[in-house]
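Below are my notes on this model, set out as numbered points for a colleague who wants to follow them against the coordinates. Please read them with the structure open.

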Amino acid sequence: MQFIDEAEIHVKAGDGGRGAVAFRREKYVPRGGPSGGDGGNGGDVVLETDGRLTTLLDFRFKREYRARNGEPGRGRDQNGHAAQELLLKVPPGTLVKDAASGEIVADLHEDGTRFVLARGGRGGLGNMNFATPTLQAPRFAQPGTEGEEKRVRLELRLLADVGLVGFPNAGKSTLVARLSRARPKIADYPFTTLTPHLGVVQYKDGRSFVLSDLPGLIEGAHRGAGLGHRFLKHMQRCRVMVHLVDASQERDLVADFEAIGRELVLFDPALGRKEQVVAANKIDVPEARERAEALRKKLARRKVRVHLISGATGEGTKELLDAVVRALDGAEAPQPFDKDLPPEPSARMKP
């Protein structure tokens, strides 16, 4: 199944049915009077989260959604039927934004949540509602009101507690496979991971959390370089990040660590405020342990603790899990990205 995490759709709620203009013509009803019924209400367009869905694939090929209109009123005081709602199911974690302004309309992060995206129009009143002692035979009725029409952008943001970030080939997928039952693709070339993967990590005393790996980041990711920038939005709901550094590379590991941190902040400052656990991976590779120890000493001067691990052999992963759980216990609830917050009132005013 393709991983589709963005879609733009146009929705139109149903219009209300028009009220009827009618008069009684029964044989034994003298001076029958007006009998036009009301029109039915138009159908709403409703979004509902469904935990069985994991992508927005259903919205890739169909972009227009219209609810039915309400039925018009009829004679003999008969009201028109209201139209049924149009139900659109989305995966939990879906963010709904106005396509034009980018303003958040709804954040649907819990399973079974319902949200009325566009309200149907109200049915018009039939002429029986306008009869008075001085106007006993009204020959007019109300038209129904139009249903709401909107163009919105759907963005899926994965519901993971912990997210893995790092350069391509840092061993993120291997670590996910080691710690959970997820089986992402693993290979010895960069950009093996093309889409995020989720895995449930079982910890002590029945505790568990959801771990996600993202495609590898490179410098300039916030400007669109590489693949990881497209999926960085999925880090918004993570409470803790695990920054994985590849200690097997003959590179300046401190510079690599700083480069990834810089890309996260440039994408959105909110990512720089999240709890972070740093791990130097692949210490099973010859000479990698020595480089990892050097990185640990350098970052210790900045009061940053580095865990030495091997995703391939499992060495150090128990201590890493302990650190991640401690970070989860002290982490705040996920906050919106700064770019998703409405602008300050002063910023909206033109100079």
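1. This is a predicted model, and I begin with a residue in one of its loops. E287 has a relative accessible area of 53%, and because anything over 50% counts as exposed, E287 falls in that class. E287 is placed in the loop that joins β13 to α5, and its phi is positive, at about 75°, even though the residue is not a glycine. As background, most residues other than glycine have a negative phi.

2. A second non-glycine residue with a positive phi is N169, where the angle is about 70°. N169 belongs to the loop between β9 and α1, and its relative accessibility of 25% makes it partly exposed.

3. Helix α5, residues 288-300, follows in the chain and comprises 13 residues; from first to last C-alpha it reaches 18 Å, close to the 18 Å expected at 1.5 Å a residue. Its buried residues are A288, R291, A292, L295 and L299. These residues cover an arc of only 100° around the axis, which means that they lie on the same side of α5. The spacing fits a general rule: an α-helix has 3.6 residues a turn, so residues three or four places apart point the same way. On the face turned away from the buried side, α5 carries the exposed residues E290 and K297.

4. What lies over the buried side of α5? The cover of its buried residues includes the strands β12 (240-246), β13 (275-281) and β14 (306-308), together with helix α3 (253-267).

5. The largest nonpolar core has 23 residues, and those touching the most other members are V162, F209, L211, V277 and V324. Two or more residues are given to this core by each of β9 (162-165), α1 (172-179), β11 (208-213), β12, β13 and α6 (317-330), with the largest share, 7 residues, coming from α6. In general terms, nonpolar side chains of soluble globular proteins tend to be buried together.

6. F209 deserves a closer look within this core. Once neighbours within four places in sequence are set aside, F209 is in contact with D161, V162, G199, V200, V201, L321, V324, V325 and L328. Apart from this core lies another, of 22 residues, which has L47, L56, F59 and A67 among its members.

7. For helix α6, the 14 residues should span 20 Å at 1.5 Å a residue, and the end C-alpha atoms are indeed 20 Å apart, so the two values agree. The residues of α6 that are buried are T317, L320, L321, A323, V324, V325, A327 and L328.

8. Which residues does G73 touch? Not counting residues up to four places away in sequence, G73 touches R18, A20, G37, D38, G39, Q78 and G80. G73 sits in the loop between β3 (64-66) and β4 (86-90) and, at 13% relative accessibility, counts as buried. Its C-alpha atom is separated by 6.4 Å from that of R18, although G73 and R18 are 55 residues apart along the chain.

9. The structure holds 2 aromatic pairs. In one of them, the rings of F59 and Y65 have their centres 5.8 Å apart and their planes at 65°, so the pair is edge-to-face. Both partners are buried, F59 at 3% relative accessibility and Y65 with a relative accessible area of 8%.

10. The rings of F130 and F140 also pair, with centres 5.1 Å apart and planes at 45°, so this pair is tilted. F130 and F140 both lie in the loop between β7 (114-118) and β8 (149-156), so the pair ties together parts that are 10 residues apart in sequence. F130 is partly exposed, with a relative accessible area of 22%, and F140 is partly exposed with 40%.

11. One further aromatic ring is worth checking: the charged end of R251 sits over the ring of F167, 5.1 Å from its centre.

12. For the chain as a whole, the secondary structure comes to 7 helices and 14 strands, and 46% of the 351 residues count as buried. Among contacts between residues at least 6 apart in sequence, 75% join residues at least 24 apart.

Definitions and conventions:
Residues numbered from 1 in each chain as written. Predicted model: local features only at pLDDT ≥ 70, side-chain atom pairs only at ≥ 80, totals over all residues. Heavy atoms only, no water. Helix = DSSP H or I, 4+ residues; strand = E, 2+ residues; numbered from the N terminus. Expected span 1.5 Å × (residues − 1). Buried < 20%, exposed > 50% of the residue type's maximum accessible area, 1.4 Å probe, protein only. Arc of directions from axis to C-beta. Contact = heavy atoms within 4.5 Å. Core = buried A, V, L, I, M, F, W, Y, C linked by side-chain atoms within 4.5 Å. Phe/Tyr/Trp six-rings, centres within 6.5 Å; stacked < 30°, edge-to-face > 60°. Lys NZ or Arg CZ within 6 Å of the ring centre and 35° of its normal.
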